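Dear colleague,

Please find the structure below, handed over for your own calculations. My findings follow it.

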2 protein chains.
Amino acid sequence: MRALRSADELAQGMEFDLGGFVLPRAEVLDFARRWDPQPFHLDEEAARQSVFGRLVASGLHTYSAAVGHLIRSGLLAEINLAGGGAELIWPAPLEPDQPVTMRLQVAEIRTSRSKPEMAVAKLRYLVATAAEGRVVLDALGTHFLRR
Amino acid sequence: MRALRSADELAQGMEFDLGGFVLPRAEVLDFARRWDPQPFHLDEEAARQSVFGRLVASGLHTYSAAVGHLIRSGLLAEINLAGGGAELIWPAPLEPDQPVTMRLQVAEIRTSRSKPEMAVAKLRYLVATAAEGRVVLDALGTHFLRR
(Lines give C-alpha, C1' and ligand atoms only; values in the text may rest on other atoms or scores of the structure.)
Protein backbone atom coordinates (compact mmCIF):
# COMPACT_ATOMS: atom_id res chain seq x y z
CA MET A 1 0.00 0.00 0.00
CA ARG A 2 1.24 3.49 -0.87
CA ALA A 3 2.68 5.40 2.08
CA LEU A 4 0.91 8.71 2.67
CA ARG A 5 3.33 11.68 2.51
CA SER A 6 1.26 14.06 4.61
CA ALA A 7 -1.82 14.05 6.82
CA ASP A 8 -3.17 16.63 4.36
CA GLU A 9 -3.83 13.76 1.94
CA LEU A 10 -6.51 12.55 4.35
CA ALA A 11 -10.06 13.87 4.63
CA GLN A 12 -13.01 12.87 6.74
CA GLY A 13 -14.95 9.99 5.19
CA MET A 14 -12.03 8.45 3.30
CA GLU A 15 -11.73 4.72 3.58
CA PHE A 16 -8.85 2.33 2.92
CA ASP A 17 -9.23 -1.37 2.25
CA LEU A 18 -6.38 -3.04 4.16
CA GLY A 19 -7.00 -6.59 3.00
CA GLY A 20 -7.28 -9.11 5.76
CA PHE A 21 -5.63 -11.48 8.19
CA VAL A 22 -6.33 -14.52 10.30
CA LEU A 23 -5.54 -15.46 13.89
CA PRO A 24 -4.29 -19.05 13.71
CA ARG A 25 -5.34 -21.28 16.60
CA ALA A 26 -1.78 -21.70 17.93
CA GLU A 27 -1.34 -17.90 17.97
CA VAL A 28 -4.68 -17.43 19.76
CA LEU A 29 -3.51 -19.77 22.54
CA ASP A 30 -0.01 -18.23 22.69
CA PHE A 31 -1.35 -14.70 22.87
CA ALA A 32 -3.86 -15.59 25.57
CA ARG A 33 -1.25 -17.43 27.66
CA ARG A 34 0.93 -14.35 27.66
CA TRP A 35 -1.49 -11.41 27.81
CA ASP A 36 -5.02 -12.57 28.63
CA PRO A 37 -4.94 -15.97 30.36
CA GLN A 38 -8.67 -16.56 30.83
CA PRO A 39 -10.17 -20.07 30.43
CA PHE A 40 -12.41 -19.16 27.45
CA HIS A 41 -9.30 -18.10 25.47
CA LEU A 42 -7.20 -21.11 26.48
CA ASP A 43 -9.21 -24.27 26.98
CA GLU A 44 -11.83 -25.78 24.67
CA GLU A 45 -13.83 -27.45 27.43
CA ALA A 46 -13.85 -24.40 29.72
CA ALA A 47 -14.80 -22.27 26.71
CA ARG A 48 -17.80 -24.50 25.97
CA GLN A 49 -19.12 -23.73 29.42
CA SER A 50 -18.46 -19.99 29.11
CA VAL A 51 -20.87 -17.38 27.75
CA PHE A 52 -19.11 -17.80 24.39
CA GLY A 53 -19.90 -21.52 24.04
CA ARG A 54 -16.62 -22.13 22.20
CA LEU A 55 -13.01 -20.99 22.29
CA VAL A 56 -12.61 -17.39 21.14
CA ALA A 57 -9.64 -15.09 20.61
CA SER A 58 -8.89 -12.46 23.22
CA GLY A 59 -10.27 -9.12 22.05
CA LEU A 60 -6.88 -7.72 22.96
CA HIS A 61 -5.39 -10.13 20.43
CA THR A 62 -7.81 -9.00 17.71
CA TYR A 63 -6.88 -5.37 18.45
CA SER A 64 -3.14 -6.12 18.53
CA ALA A 65 -3.37 -7.96 15.22
CA ALA A 66 -5.28 -5.02 13.70
CA VAL A 67 -2.64 -2.55 14.87
CA GLY A 68 0.14 -4.77 13.52
CA HIS A 69 -1.70 -5.18 10.23
CA LEU A 70 -2.18 -1.41 9.86
CA ILE A 71 1.46 -0.64 10.66
CA ARG A 72 2.71 -3.35 8.26
CA SER A 73 0.47 -1.99 5.48
CA GLY A 74 2.86 0.97 5.39
CA LEU A 75 0.03 3.46 4.85
CA LEU A 76 1.02 5.64 7.83
CA ALA A 77 4.75 4.78 7.90
CA GLU A 78 5.90 8.31 7.02
CA ILE A 79 3.33 10.31 8.97
CA ASN A 80 2.35 8.51 12.19
CA LEU A 81 4.03 10.44 15.01
CA ALA A 82 2.30 8.88 18.01
CA GLY A 83 -0.97 7.49 19.30
CA GLY A 84 -2.94 9.19 22.04
CA GLY A 85 -5.69 6.73 22.85
CA ALA A 86 -8.32 4.43 21.44
CA GLU A 87 -11.96 3.52 21.97
CA LEU A 88 -12.44 -0.21 21.47
CA ILE A 89 -15.64 -2.17 21.00
CA TRP A 90 -15.80 -5.91 20.42
CA PRO A 91 -19.33 -6.37 19.04
CA ALA A 92 -18.84 -10.13 18.52
CA PRO A 93 -16.11 -12.63 19.39
CA LEU A 94 -13.63 -13.93 16.82
CA GLU A 95 -12.85 -17.63 16.54
CA PRO A 96 -9.40 -18.97 15.68
CA ASP A 97 -8.67 -19.54 11.96
CA GLN A 98 -11.61 -17.36 10.86
CA PRO A 99 -10.43 -14.95 8.14
CA VAL A 100 -11.21 -11.30 8.67
CA THR A 101 -11.06 -8.18 6.49
CA MET A 102 -9.93 -4.79 7.72
CA ARG A 103 -10.94 -1.31 6.65
CA LEU A 104 -9.59 2.00 7.91
CA GLN A 105 -11.90 5.01 7.90
CA VAL A 106 -10.99 8.63 8.54
CA ALA A 107 -13.60 9.55 11.15
CA GLU A 108 -12.19 12.99 11.99
CA ILE A 109 -9.14 15.02 11.10
CA ARG A 110 -8.05 18.50 12.10
CA THR A 111 -4.89 20.56 12.42
CA SER A 112 -3.42 20.56 15.92
CA ARG A 113 -4.15 23.83 17.71
CA SER A 114 -0.81 23.85 19.55
CA LYS A 115 1.34 22.42 16.72
CA PRO A 116 0.17 23.53 13.27
CA GLU A 117 2.66 21.18 11.58
CA MET A 118 0.69 18.29 13.07
CA ALA A 119 -2.79 16.86 12.50
CA VAL A 120 -4.94 15.01 15.02
CA ALA A 121 -6.95 12.23 13.41
CA LYS A 122 -9.51 9.75 14.65
CA LEU A 123 -9.07 6.64 12.55
CA ARG A 124 -11.63 3.88 12.73
CA TYR A 125 -10.35 0.32 12.40
CA LEU A 126 -13.18 -1.96 11.29
CA VAL A 127 -12.41 -5.67 11.40
CA ALA A 128 -15.12 -8.08 10.20
CA THR A 129 -15.35 -11.77 9.40
CA ALA A 130 -14.71 -12.32 5.69
CA ALA A 131 -17.50 -14.90 5.44
CA GLU A 132 -20.41 -13.08 7.13
CA GLY A 133 -19.18 -9.49 7.45
CA ARG A 134 -19.77 -9.66 11.21
CA VAL A 135 -17.81 -6.86 12.90
CA VAL A 136 -15.48 -8.26 15.57
CA LEU A 137 -13.54 -5.05 16.30
CA ASP A 138 -14.63 -1.43 15.98
CA ALA A 139 -11.73 0.71 17.21
CA LEU A 140 -11.42 4.48 17.05
CA GLY A 141 -7.77 5.37 17.45
CA THR A 142 -6.43 8.87 18.07
CA HIS A 143 -3.36 9.42 15.88
CA PHE A 144 -0.99 12.37 15.78
CA LEU A 145 0.11 12.72 12.16
CA ARG A 146 2.77 14.71 10.35
CA ARG A 147 1.37 17.26 7.86
CA MET B 1 -5.17 -11.43 45.83
CA ARG B 2 -8.53 -12.78 47.00
CA ALA B 3 -10.84 -13.82 44.16
CA LEU B 4 -14.19 -12.02 44.27
CA ARG B 5 -17.12 -14.46 44.51
CA SER B 6 -19.76 -12.15 43.05
CA ALA B 7 -20.02 -8.78 41.30
CA ASP B 8 -22.20 -7.78 44.26
CA GLU B 9 -19.02 -7.45 46.32
CA LEU B 10 -18.11 -4.47 44.16
CA ALA B 11 -19.42 -0.92 44.53
CA GLN B 12 -18.67 2.30 42.73
CA GLY B 13 -15.59 4.03 44.13
CA MET B 14 -13.85 0.88 45.39
CA GLU B 15 -10.18 0.65 44.55
CA PHE B 16 -7.77 -2.28 44.47
CA ASP B 17 -4.02 -2.00 44.65
CA LEU B 18 -2.67 -4.53 42.18
CA GLY B 19 1.02 -4.07 42.94
CA GLY B 20 3.13 -3.40 39.90
CA PHE B 21 5.13 -4.69 36.97
CA VAL B 22 7.86 -3.70 34.58
CA LEU B 23 8.31 -3.98 30.82
CA PRO B 24 11.87 -5.21 30.34
CA ARG B 25 13.69 -3.78 27.36
CA ALA B 26 13.88 -7.11 25.51
CA GLU B 27 10.12 -7.57 25.92
CA VAL B 28 9.44 -4.01 24.68
CA LEU B 29 11.38 -4.79 21.49
CA ASP B 30 9.79 -8.25 21.06
CA PHE B 31 6.28 -6.91 21.55
CA ALA B 32 6.83 -4.05 19.11
CA ARG B 33 8.34 -6.34 16.47
CA ARG B 34 5.26 -8.52 16.58
CA TRP B 35 2.36 -6.12 17.16
CA ASP B 36 3.44 -2.50 16.69
CA PRO B 37 6.57 -2.31 14.52
CA GLN B 38 7.15 1.44 14.49
CA PRO B 39 10.68 2.90 14.62
CA PHE B 40 10.22 4.70 17.96
CA HIS B 41 9.41 1.35 19.63
CA LEU B 42 12.23 -0.58 17.94
CA ASP B 43 15.29 1.49 17.30
CA GLU B 44 17.14 3.77 19.71
CA GLU B 45 18.47 6.14 17.04
CA ALA B 46 15.12 6.47 15.22
CA ALA B 47 13.43 6.97 18.59
CA ARG B 48 15.80 9.84 19.41
CA GLN B 49 14.57 11.63 16.31
CA SER B 50 10.90 10.92 17.03
CA VAL B 51 8.52 13.11 19.06
CA PHE B 52 9.37 10.91 22.06
CA GLY B 53 13.12 11.67 21.99
CA ARG B 54 13.94 8.17 23.27
CA LEU B 55 12.76 4.60 22.84
CA VAL B 56 9.32 4.03 24.42
CA ALA B 57 7.08 1.00 24.84
CA SER B 58 4.11 0.60 22.54
CA GLY B 59 0.96 1.79 24.31
CA LEU B 60 -0.58 -1.46 23.16
CA HIS B 61 2.14 -3.26 25.11
CA THR B 62 1.41 -1.25 28.27
CA TYR B 63 -2.28 -2.08 27.90
CA SER B 64 -1.61 -5.78 27.21
CA ALA B 65 0.67 -5.99 30.24
CA ALA B 66 -2.00 -4.33 32.39
CA VAL B 67 -4.66 -6.80 31.22
CA GLY B 68 -2.31 -9.72 31.88
CA HIS B 69 -1.43 -8.33 35.29
CA LEU B 70 -5.10 -7.93 36.24
CA ILE B 71 -6.02 -11.43 35.06
CA ARG B 72 -3.04 -12.98 36.89
CA SER B 73 -3.95 -11.13 40.09
CA GLY B 74 -6.91 -13.55 40.26
CA LEU B 75 -9.28 -10.82 41.52
CA LEU B 76 -11.84 -11.41 38.76
CA ALA B 77 -11.05 -15.10 38.08
CA GLU B 78 -14.45 -16.38 39.27
CA ILE B 79 -16.66 -13.59 37.98
CA ASN B 80 -15.30 -12.17 34.70
CA LEU B 81 -17.63 -13.46 31.96
CA ALA B 82 -16.48 -11.33 29.02
CA GLY B 83 -15.22 -7.90 28.02
CA GLY B 84 -17.25 -5.58 25.85
CA GLY B 85 -14.89 -2.74 25.08
CA ALA B 86 -12.38 -0.31 26.50
CA GLU B 87 -11.50 3.38 26.36
CA LEU B 88 -7.74 3.80 26.40
CA ILE B 89 -5.69 6.93 27.04
CA TRP B 90 -1.90 7.03 27.12
CA PRO B 91 -1.22 10.35 28.91
CA ALA B 92 2.56 9.79 28.83
CA PRO B 93 4.88 7.21 27.26
CA LEU B 94 6.49 4.42 29.26
CA GLU B 95 10.18 3.63 28.93
CA PRO B 96 11.58 0.10 29.11
CA ASP B 97 12.64 -1.11 32.58
CA GLN B 98 10.68 1.64 34.35
CA PRO B 99 8.65 0.07 37.20
CA VAL B 100 4.95 0.90 37.29
CA THR B 101 2.18 0.43 39.82
CA MET B 102 -1.37 -0.53 38.91
CA ARG B 103 -4.65 0.30 40.59
CA LEU B 104 -8.12 -0.87 39.62
CA GLN B 105 -11.07 1.41 40.36
CA VAL B 106 -14.76 0.57 40.11
CA ALA B 107 -15.98 3.51 38.03
CA GLU B 108 -19.53 2.21 37.48
CA ILE B 109 -21.45 -0.97 38.22
CA ARG B 110 -25.06 -1.94 37.58
CA THR B 111 -27.18 -5.04 37.12
CA SER B 112 -27.66 -6.02 33.50
CA ARG B 113 -31.13 -5.05 32.27
CA SER B 114 -31.48 -8.12 30.05
CA LYS B 115 -29.71 -10.64 32.33
CA PRO B 116 -30.31 -9.94 36.03
CA GLU B 117 -27.77 -12.62 37.03
CA MET B 118 -25.08 -10.46 35.42
CA ALA B 119 -23.55 -7.08 36.24
CA VAL B 120 -22.04 -4.60 33.80
CA ALA B 121 -19.03 -2.80 35.27
CA LYS B 122 -16.71 -0.09 34.05
CA LEU B 123 -13.35 -0.78 35.63
CA ARG B 124 -10.61 1.80 35.42
CA TYR B 125 -7.06 0.51 35.09
CA LEU B 126 -4.60 3.15 36.26
CA VAL B 127 -0.96 2.42 35.53
CA ALA B 128 1.61 4.96 36.75
CA THR B 129 5.37 5.10 37.06
CA ALA B 130 6.43 3.96 40.54
CA ALA B 131 9.06 6.71 40.82
CA GLU B 132 7.07 9.81 39.81
CA GLY B 133 3.44 8.62 39.82
CA ARG B 134 3.11 9.71 36.19
CA VAL B 135 0.08 7.99 34.64
CA VAL B 136 1.07 6.06 31.50
CA LEU B 137 -2.23 4.21 30.96
CA ASP B 138 -5.76 5.22 31.92
CA ALA B 139 -8.08 2.52 30.61
CA LEU B 140 -11.80 2.17 31.24
CA GLY B 141 -12.79 -1.41 30.47
CA THR B 142 -16.36 -2.67 30.17
CA HIS B 143 -16.63 -6.01 31.98
CA PHE B 144 -19.57 -8.40 32.16
CA LEU B 145 -19.43 -9.98 35.61
CA ARG B 146 -21.20 -12.87 37.31
CA ARG B 147 -23.36 -11.84 40.30
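The notes below cover the symmetry, the nonpolar core and the helix packing.

This is a predicted model, in which local features need pLDDT of at least 70 and side-chain atom pairs count only at pLDDT 80 or more, while totals for chains, interfaces and linings use all residues. Residues are numbered from 1 along each chain as its sequence is written, chains are lettered from A and ligands numbered from 1 in the order in which they are written, and side-chain values use heavy atoms, with hydrogens and water left out.

A turn of 180° with a shift of 0.0 Å along the axis lays chain A on chain B with an RMSD of 0.0 Å (least squares on the C-alpha atoms of residues with pLDDT of at least 70 in both). This is the relation of a two-fold axis. Among the residues of chain A, E87(A) comes closest to that axis, at 2.2 Å (C-alpha).

The largest nonpolar core (buried Ala, Val, Leu, Ile, Met, Phe, Trp, Tyr and Cys residues joined through side-chain atoms within 4.5 Å; buried means under 20% relative accessible area, with a 1.4 Å probe and protein chains only) has 90 residues. Those touching the most other members are Y63(A), L88(A), Y125(A), Y63(B), L88(B) and Y125(B). Contacts (heavy atoms within 4.5 Å) of Y63(B) include L60(A), L88(A) and W90(A).

Helices are DSSP runs (H or I, at least four residues) numbered from the N terminus. α1(A) and α4(A) pack at about 110°, their axes 9 Å apart (lines fitted to C-alpha atoms over the stretch in contact; angles run from 0 to 180 degrees between N-to-C directions). They are therefore roughly perpendicular (65 to 115 degrees).

Yours sincerely

Conventions:
Buried < 20%, exposed > 50% of the residue type's maximum accessible area, 1.4 Å probe, protein only. Helix = DSSP H or I, 4+ residues; strand = E, 2+ residues; numbered from the N terminus. Parallel < 35°, antiparallel > 145°, perpendicular 65-115°, else oblique. Lists of a residue's contacts leave out its neighbours within four places in sequence.
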